[in-house]
Amino acid sequence: MPCVFQSAEAVGQWLTAFQLQLYAPNFISAGYDLPTISRMTPEDLTAIGVTKPGHRKKIAAEISGLSIPDWLPEHKPANLAVWLSMIGLAQYYKVLVDNGYENIDFITDITWEDLQEIGITKLGEAPAQTLAPCPQPQPQP
């Protein structure tokens, strides 16, 4: 998947295609790009400020039509730092470890409320989304 899907411009163009570009700042400020948008729920849309039911329904329908392949690593390494680096979220390592999420297995059941409690507030970038912003080279064994 080219990194073009991760740009703010791509989000704006996608929303413009169905005349709801007014929400571009909502998506961008919450950290969403097209790959993470493809995993959004109606509740996520409400959380970023898409409060009109008709707009939420239209965006949800457009989301269901997005065809963006996952770029998750095929294996889950034992090391949290390596895994976060592989999915492009290495910047969260320190805050996760400092708050008791030092083991990769602890992350698998982390909730949005847990993330907010430790200061991770951008919905689209949350490690719970487990989405890669751009494919990262995988370390060779």
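## Phe18 and its aromatic neighbours

At 10% relative accessibility, Phe18 falls under the 20% cut-off and so counts as buried. Keep in mind as you read that this is a predicted model. Trp14 is buried as well, because its relative accessible area is 11%, which is also under 20%.

How are the rings of Trp14 and Phe18 arranged? Their centres lie 4.9 Å apart and their planes meet at 80°, so this pair is edge-to-face. The rings of Phe27 and Tyr32 have centres 6.3 Å apart and planes at 75°, so they too form an edge-to-face pair, and both Phe27 and Tyr32 are buried. The count of aromatic pairs comes to 3, and ring pairs join Trp14, Phe18, Phe27 and Tyr32 into a cluster. If you like to think in descriptors, a pair of aromatic rings is described by the distance of the centres and the angle of the planes.

## The largest nonpolar core

Two members of that aromatic cluster turn up again here. The largest nonpolar core has 19 residues, and those touching the most other members are Trp14, Leu15, Phe27, Ile37, Met40 and Ile59. Helices H1 (8-16), H2 (24-29), H3 (34-37) and H5 (53-64) each supply at least two residues of this core. Which helix gives the most to it? That is H1, with 4 residues.

Ile59 is a good place to start exploring. Leaving aside residues up to four places away in sequence, Ile59 touches Trp14, Leu15, Phe18, Leu20, Tyr23, Phe27, Leu45 and Val50. There is also a second, separate core of 13 residues, with Leu80, Ile104, Ile110 and Ile118 among its members.

## Helix H1 from the inside

Which residues of H1 are buried? They are Ala10, Val11, Gly12, Trp14 and Leu15. These buried residues pack against H2, H3 and H5. For reading such a list, it helps to recall that an α-helix has 3.6 residues a turn, so residues three or four places apart point the same way.

## Pro25, on the outside

Is Pro25 buried or exposed? Pro25, which is found in helix H2, is exposed, because its relative accessible area is 51%, and the cut-off for exposed is over 50%. The C-alpha atoms of Pro25 and Ala8 are separated by 8.8 Å, with the two residues 17 apart along the chain.

Definitions and conventions. Residues are numbered from 1 along each chain as its sequence is written. This is a predicted model: local features need pLDDT of at least 70, side-chain atom pairs count only at pLDDT 80 or more; totals for chains, interfaces and linings use all residues. Side-chain values use heavy atoms; hydrogens and water are left out. A nonpolar core is a set of buried Ala, Val, Leu, Ile, Met, Phe, Trp, Tyr and Cys residues joined through side-chain atoms within 4.5 Å. Buried means under 20% relative accessible area, exposed over 50%, partly exposed in between (1.4 Å probe, protein chains only). Contact means heavy atoms within 4.5 Å. Rings of Phe, Tyr and Trp (its six-membered ring) pair if their centres lie within 6.5 Å; planes under 30 degrees apart count as stacked, over 60 as edge-to-face and the rest as tilted.
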